[in-house]
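Biologist: I am new to this structure and would be grateful for a close look at a single part of it. Please choose one turn, describe it carefully, and then work outwards from there to the rest of the chain.

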Amino acid sequence: QEYRYMAKVELELRDLHIQPLDDCARVTGFWKTTQTDTEGRAVEQTGRCSFTVLRMKQDWKVAHQHFSVEEIEE
């Protein structure tokens with residue numbers, strides 16, 4: 001529901017490090033979201049992310065994910 005009044009939400013993944021194993025891989029990196037409301041005001045959040053992905057036939061599927069928010073010092 002927190003995105004209900006947003007006109008646009010963008011998610012950017014960056015600096016991803018992929019550690020392949022047999023039929024799975026561990027991925028770590030950073031994320032940034034930009035949420036823009038219907039009046040054009042934008043709010044950004046950043047943090048770290050990690051994923052475990054599994055190979056299923058020809059595709060890779062996310063089996064587990066974790067996102068943590070960076071604390072902003074004021």
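**The turn between β2 and β3**

Modeller: Four residues lie between β2 and β3, which together form a hairpin, and within that turn Gly40 has a positive phi of about 90 degrees. The model is a predicted one, and the description that follows should be read with that in mind.

On the two sides of this turn, β2 covers residues 24–37 and β3 covers residues 42–56. The two strands are antiparallel partners, held in register by 13 bridges. One position on β3 that may serve as a landmark is Val43, which belongs to that strand. Across from Val43 stands Gln35. Once neighbours within four places in sequence are set aside, the contacts of Val43 are with Thr33, Thr34 and Gln35. Val43 can also be related to Val9: 34 residues separate the two in sequence, while their C-alpha atoms are 9.7 Å apart in space.

The same pair of strands leads to the nonpolar interior. The largest nonpolar core consists of six residues, namely Ala25, Val27, Trp31, Cys49, Phe51 and Val53. To this core β2 and β3 each supply at least two residues. As a general background, nonpolar side chains in soluble globular proteins tend to be buried together. Val53, one of the core residues, touches Asp23, Cys24, Ala25 and Val27, and also Trp60, Lys61, Val62 and Ala63, when residues up to four places away in sequence are not counted.

From β2, one may next turn to β1, the strand of residues 6–20. A hairpin with three residues in its connection links β1 to β2. Twelve bridges join these strands, and they run antiparallel. Among the positions that face each other here, Lys8 is opposite Thr36 of β2.

From β3, the chain continues to β4, which spans residues 59–69. The hairpin of β3 and β4 has two residues between the strands, and Lys57 takes a positive phi near 60 degrees there. Ten bridges connect β3 with β4, again in the antiparallel sense. Met56 has Asp59 of β4 as its bridge partner, and Arg55 is paired in the same way with Trp60 of β4.

Taken together, the strands make an open sheet of four, in the order β1-β2-β3-β4 and with antiparallel pairing. β1 and β4 are the edge strands, each of them pairing on one side only. From one strand to the next, the twist averages 30 degrees. The hairpin chosen at the outset, that of β2 and β3, thus occupies the middle of the order β1-β2-β3-β4.

It remains to set this sheet within the whole chain. The protein chain contains four strands and zero helices, and its pattern along the sequence reads β-β-β-β. Its radius of gyration is 15 Å, whereas a compact globule of 74 residues would have one near 11 Å. Along the principal axes, the C-alpha atoms fill a box of roughly 45 × 30 × 20 Å. Of the 74 residues, 18% count as buried. The exposed area is about 6300 Å², and carbon and sulfur atoms supply 49% of it. Among contacts with a separation of 6 or more, 32% come from residues 24 or more positions apart.

Notes: Residues numbered from 1 in each chain as written. Predicted model: local features only at pLDDT ≥ 70, side-chain atom pairs only at ≥ 80, totals over all residues. Heavy atoms only, no water. Pairing = 2+ DSSP bridges. Core = buried A, V, L, I, M, F, W, Y, C linked by side-chain atoms within 4.5 Å. Buried < 20%, exposed > 50% of the residue type's maximum accessible area, 1.4 Å probe, protein only. Contact = heavy atoms within 4.5 Å. Axes fitted to C-alpha atoms, helices over the stretch in contact; angles between N-to-C directions. Rg over C-alpha atoms; globule rule 2.2 N^0.38 Å. Areas by Shrake-Rupley, 256 points an atom, 1.4 Å probe, with all protein chains shown as cover.
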